[in-house]
Each structure stands twice: as C-alpha cells, then as structure tokens.
Amino acid sequence: MTRISHLTLRNFMIALHDLLATAAALFAAFYLRFEGGDGFFIRLPLLLKILPYFLVFSVVVFFVFNLTTTKWRFISLPDALNIIRVSTVLTVALLVLDYIFVAPNVHGTFFLGKVTIVLYWFLEITFLSALRLTYRYFRYTRVRRHARTEDAAPTLLIGRAADAEVLLRGIESGAIKRIWPVGVLSPSTSDRGQSIRNVPVLGSIDDIEDVTTDYAKRNKPIKRAVMTPSAFAPEAHPESVLMRARRLGLIVSRMPSLESGDTPRLTSVAVEDLLLRPSETIDYARLEALIQGKAVIVTGGGGSIGSEICERVVAFGAARLLIIEHSEPALYAITEALAEHGTSAAVEGRIADIRDRDRVVRLMAEFKPDIVFHAAALKHVPILERDWSEGVKTNIFGSINVADAALAAGAEAMVMISTDKAIEPVSMLGLTKRFAEMYCQALDHDLSMQTGGRPPMRLISVRFGNVLASNGSVVPKFKAQIEAGGPVTVTHPDMVRYFMTIREACDLVITAATHALAAARSNVSVYVLNMGQPVKIVDLAERMIRLSGLQPGYDIEIVFTGMRPGERLNEILFASEEPTVEIGVAGIMAARPNEPPMLTLRKWISALEQAIARDDRATIRSILKDAVPEFGSTAA
C-alpha cells in the first residue's frame, strides 16, 4: 500500500472522482428505488446527514484497496477486481448502517432497504469503472493511431498466445514502438482460430511463408517478425524459423523473457539464443529476498560475468553496490550502463587491483558489505600457460586478499566465481582456481568450527563452464570469423564444452548464495551449476555458419588448428574425491568440502610468497603440485 506522503495531486484528483461517483451512485440508487412517490424527498434530509460520514469512510476504503494509486492508463483485471471489492465493502457498510444503526433507532423502519442497497452495489461498480475504462480505451486508440501515422512496420508475432499477449500489452502501453502486429503464428493447436487483443492467430509457425505471401498479394507486405520466448523452445525449431524468416526478407527481433523483471522491449536475435537447452527455472523471489536492501561488492565488476552480476543485484533491489575493477574503461562502461537503467541503488565504482591487499582491505572496511561476489580473475587458458606466475598472483593471492578483507569487513558471505577447469586441473587457470577454492573452503570450515553453529561469514565457490558471448568465448570469435569470410578455426574435432548464458549463470550463482546462507547450516561450500549436455565445438561452429545463411565446407571452411597448452577434450563436473550432495535446488549441484587444513595451506601460501618474490618458477610449480597432486598441466 502506498504511503500517504507519496501521494500526488493526480491521486487526490482520482480520490475526488471516486467520491463523486460514490455520492452519485448512492443518490441514483435512492432515486430509482423511491421515485414513484414522496419516499425520495422524505428520506433526503437524513441521507444528506449520513452522506459526509459515509464519504469519509469511502476515502479510507479507496486508499486501502489502492484505487487512488492505480494508473488509469493501465487498468486491467486486478483493478476491476479492486473496484468490485470496494463496492462490496461499501455496500456491506450501508447494510450495517441500515440494519443496526439507522433503522431501529432513528427511522423506525428500514431506511435504505434491500433493493436500494443492491441497486447501489451495481451502480457503484458502474460509476467507478466508466471513466476509467473510457480513458483506457482513449489511450489504446491513440496508441493505435500513432502507430499507423508513424509508419509502423506490419509485423508477425511468433509464439504462444500468452507471450503474444504480453507483447501486445507492451505495444498498447507505448513501451514497444514502431511495429504493427497483423497476426500471430503459434506452435499451440489450442491457439488456432483465436484472437488475442483483436489480433488473429493466423496459423502455425510452419505457415510463415504462406501468410507472408498472402499479405504481399494483398499489397500489405509484412516487414518484421518478433519471436517471443516460447518460439525458442526446442519443439518450435527456432533455427528453422529464423532462417526461413530471413529468407523471406523479414527483420527478425525477439522479446526477452519477462520472468526476470525485464521491461517489455525488443532486441535482435543473437546466435547464442538458439544454441542452448532450455534454461533452468529461477526462483526470483528467493533472489530478491537475499539481495533486497543489502550492500553488495562485486570484484571484477567490469568483466563479462562481473558486469552481469552487477546488473542482477541492482535488479533484485540492492541498496548499495560497490564495483571494484582494475580496468578503467571496463569500470566506466559498467557504471554508465547501470546509470542508464535509472536504478535506485547507490552505485559506486572504484579502481583497484585485488593483488593490492591494503587497498582491498581498506575499500571493504569503508563500504561494509553484506555480500561479496568475487569475479575478478585472469582466465584465458593459453595466456596463463605462458604467464602463469601472473595467474598465481591474481587468482590465488588476489582471492585470498578478497576473502580476508570480506571477513574483516563483516560480510555475511563471499561468493567466488570458479570454473569447471578447477576439477582435476590440467591448466594453470584450473590449478590457481582450485587453490583459491581450497583456501575459501578451509576458511569457511574454520569459521564454522570456531562458532560451533552459524559462522559469521560463509565462503562458497561456484563452478561453471563457458559462458556464451563472454569475453574470450568461442561464440564472438566464430562470429567475427564468419563475418570475415572464414575460415572458422576449431582446435580439435572431438573438443567438447559446457555452455550457459551469462544471465542464467549469474542468477544461479546468486541462487547458490541463498542456499549457503539458509537458516540451517549447509555442509557444502562448492557448488556446480547444471550446464545440461556438453556441446561439440565443431557442431557449434557448423550451426553458427548455417544460422548466418551459409553452408559449412562450401561458403565457410572449418580448419582444425590443434589443441593448445592447458586444454583438454572434455570438462568434468566433480573430482573423484569430491562426494556430491543433493541440495534440492533446481540447476545446482554441490560437493562436500575436500580441502587440506588451513595450517597446511598457510605454509604453502608463505612458501609461494617467497618464491614469487624471487621469481622462482620451479619452486612455485613444486608447491602447487604438492597442494594439488592431481594437477597435470603442460605449463612450462
């Protein structure tokens, strides 16, 4: 319910309208009931005495049921139900007034009577609704008129009726502009022959050529197609839809899913939209409950994963956000992007290197975070195989700095973004991330043992594989190679990887944090995201070539370049020594902690510090091999 201090002049004008409507309904009910004789005029003096008190009570009822705070432009079924509720409450109030207070004590008989009260209920609903619906219709017709005068493109909507209805509402409200829907193509047989907000369902998705040809013959050529979320379901064959629409010369757009709180909008269809299995269903209420009103720090907030986490925590209602980023351009880009969203969160960006322990400790102590998401890392496999001492400095010592600083600053949780390459690692990326995982696990274990109950801070690591369209991902690389005319380079014909979208990965990272911070003490500190079935990289390249309207091997060649240092053909989800745990959260698996004692880790860390200072690569490698015996890197 809206606070009184937040009410505007518009709200008071709505309240005045509703008061006049209520008074008019009451007088009209009396007149219709008693117009045949002198009954109306006999009752009028008492009615005028009662009316002011009744209207004051009405104002309270309007406010309680949000009638005064709803925008008429968007009046819908919930608002109609509120009008019925208000009318019912006021009618019951008249019934109580007539049967308990007025009739026996003042008038000697029933003052209003059952017929008058029933008439009032119907008239109250009518009078409260009439002007609202008139205004709603006026705005609806104005949007339609503007769409026609602005040369909006005739458009086919592709997807189920429920999705199309959301899109049509976005057009009517003005959120989506310059398209004019002429029909819907739905994969559901139950939608056929129906109309959705006066837009007909013209057939199935397979009818796209026939419908487009028919409209062209009538000199009403269709210019665009909009794919709704249901059009990307595997059974809808989205790749075929996209290729057929492009062959017909249609501009193809998509409407993102609105489950995550996005406003209705259209975006271009990205190749990665068509490459994955259906995303996991996310419990967004659970994420909002964790993030809302909290102070959050994101390290590496300008990177692909970090920037998306920043976007999500702001969307879920964080009160304050501190972005720690080493790259000045990346920091500027993410802070500007968040500012464009008009968020209510207090967003601050600071340049800092997580290797600088004093700087990180000082920033966190000043900010006093509730939750820290640690996404800063060096993660390009071949580069770290060459300059792996830099990976040790950032991925190991940087992570230690962030974990210690978060604990000292009083954070509730630190969530480290890890990688599936940390499992039985063969690369320096995987090895350094595994060492950082072990430190977080050991610190989490020690904190739990010290308190004997709920620890002052949880430290968890979340592993997942490749993220589509992220910096360094194969998808942008393949796109660029296809646009350049090829060849598309693949390291090995049997190379297999897991893929996720950035949005899904980040939402599941936050979901893992909700599990770790649950009331019951969790006995897991390593979470692995469910990435579905792995994808062969060569198959991914071939699909991307076809989606670009070209033929692999004919228009674009695929060249195998050989595996690079630190790579392996298949990624794995859990190490053989890590017993898995079912946590009952969709999209997430977990493993029980499997780390050396903190005392042993600190000895390795101290020895690493000394070896790094001497640039003694042989000693560094020996220490890391001792810490992670299963390491099988080819790093020199």
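These legends describe close-up views of a predicted model.

**View A. A nonpolar surface patch involving helix α1.** L9, F12, M13, L16 and L20 together make a nonpolar patch on the surface. The patch covers about 570 Å². L16 belongs to helix α1, which spans residues 9-34. The relative accessible area of L16 is 44%, so this residue is partly exposed.

**View B. The buried face of helix α11.** Helix α11 runs over residues 357-367. Its buried residues are V360, L363, M364 and F367. Viewed down the axis of α11, these residues fall within an arc of 95 degrees, so they line one face of the helix. An α-helix has 3.6 residues a turn, so residues three or four places apart point the same way.

**View C. The surroundings of helix α11.** The cover over the buried residues of α11 includes the strands β8 (295-299), β9 (320-325), β10 (346-351) and β11 (371-374). Helix α13 (388-408) is also part of this cover. D358 and E366 are exposed. Both sit on the face of α11 turned away from its buried side. K368 comes just after α11 and takes a positive phi of about 55 degrees.

**View D. Cysteines without disulfides.** With a disulfide defined as two cysteine sulfur atoms within 2.5 Å, the model has zero disulfides. C506 is in no disulfide. The nearest cysteine sulfur to C506 belongs to C310, 9.3 Å away. C506 is buried, with a relative accessible area of 0%. C440 also counts as buried, at 1% relative accessibility.

Terms used:
Residues numbered from 1 in each chain as written. Predicted model: local features only at pLDDT ≥ 70, side-chain atom pairs only at ≥ 80, totals over all residues. Heavy atoms only, no water. Patch = residues over 30% accessible without salt bridge, like charges linked within 9 Å, V, L, I, M, F, W, Y side chains within 5 Å. Areas by Shrake-Rupley, 256 points an atom, 1.4 Å probe, with all protein chains shown as cover. Salt bridge = Lys/Arg side-chain N within 4 Å of Asp/Glu carboxyl O. Helix = DSSP H or I, 4+ residues; strand = E, 2+ residues; numbered from the N terminus. Buried < 20%, exposed > 50% of the residue type's maximum accessible area, 1.4 Å probe, protein only. Arc of directions from axis to C-beta. Contact = heavy atoms within 4.5 Å.
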